[in-house]
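Me: I should like to understand why certain terms are applied to this structure. Please set each value against its definition.

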Amino acid sequence: MTTNTTHTNPAAAAGTTVAENARLDFAKSAPKVFRALIGFDAAAREGLDPALVELIQIRASHLNHCAYCLHMHTNDARKAGESEDRLHMVAVWREARHFFTEKERAALALTEAVTLVADGGVPDDVYAQAAAVFDDQELAHVLALILTINTWNRVALSTAKVAGTDGRA
């Protein structure tokens, strides 16, 4: 059930209110599913470099236009020591290749292909590039992470999550 409500948007100018349709709280409405997603996400991250994890999540969130997740993961990346230069270059990583390692470039290309899979699948060259720099276990975890962030993006977008309301500074 959707109801109309007015609330303050923390990303908007101070004191500004925005009328929006309230949507369900996914975690509260489907706690078992939510916990399963958290478990899948945690398992996907195992053994992966934390910087790589955030780059993948940031790029997928760009492509999916998910401001909520983009805000969350850029903040998490900063807290983990990621540089502002690299954060600004993720969206244009092909033009800023020197900011990223070979593994990171392969993961970003795979992230784009999997996120935009409906546009033509995952090209063989993109998959081969990733398979050349990751062992099978790492590649499986990278794929799982791409799947989880795409799921989280869709949850956030479907439930109209507002950037900056995740409780992280």
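Reply: Buried means under 20% relative accessible area, exposed means over 50%, and partly exposed lies in between, with a 1.4 Å probe and protein chains only. The model is a predicted one, in which local features need pLDDT of at least 70, side-chain atom pairs count only at pLDDT 80 or more, and totals for chains, interfaces and linings use all residues. Residues are numbered from 1 along each chain as its sequence is written, and side-chain values use heavy atoms, with hydrogens and water left out.

Me: Why is Cys69 called buried?

Reply: Its relative accessible area is 4%, and the limit for buried is under 20%, so Cys69 is buried. Cys66, with a relative accessible area of 1%, is buried as well.

Me: How do you know that Cys69 has no bond to the closest cysteine sulfur?

Reply: A disulfide is a pair of cysteine sulfur atoms within 2.5 Å. The sulfur of Cys69 is 3.4 Å from that of Cys66, and is therefore too far for a bond. A search of the whole structure finds zero disulfides.

Me: What makes Arg45 and Asp41 a salt bridge?

Reply: The term requires a side-chain nitrogen of Lys or Arg within 4 Å of a carboxyl oxygen of Asp or Glu. In Arg45 and Asp41 the closest N and O atoms are 2.5 Å apart, so the pair qualifies. Both residues lie in helix α2, four residues apart, about one turn of the helix. Helices here are DSSP runs (H or I, at least four residues), numbered from the N terminus.

Me: Why is Arg45 called partly exposed, and why does Asp41 count as buried?

Reply: Arg45 has 29% relative accessibility, between the two limits, and therefore counts as partly exposed. Asp41, at 9%, falls under the limit for buried, so it counts as buried.

Me: What makes the pairing of Arg86 and Glu104 a salt bridge?

Reply: The N to O distance is 2.8 Å, which is within the 4 Å allowed, so the term applies. This pair links distant parts of the chain, with Arg86 in helix α5 (residues 84-89) and Glu104 in helix α6 (residues 102-115), 18 residues apart. Arg86 and Glu104 are both buried. Glu82 also forms a salt bridge with Arg86, the closest N and O atoms being 2.5 Å apart.

Me: How many salt bridges does the structure hold?

Reply: There are seven salt bridges. Arg59, Arg94 and Glu112 are linked in a network of salt bridges.

Key:
Helix = DSSP H or I, 4+ residues; strand = E, 2+ residues; numbered from the N terminus.
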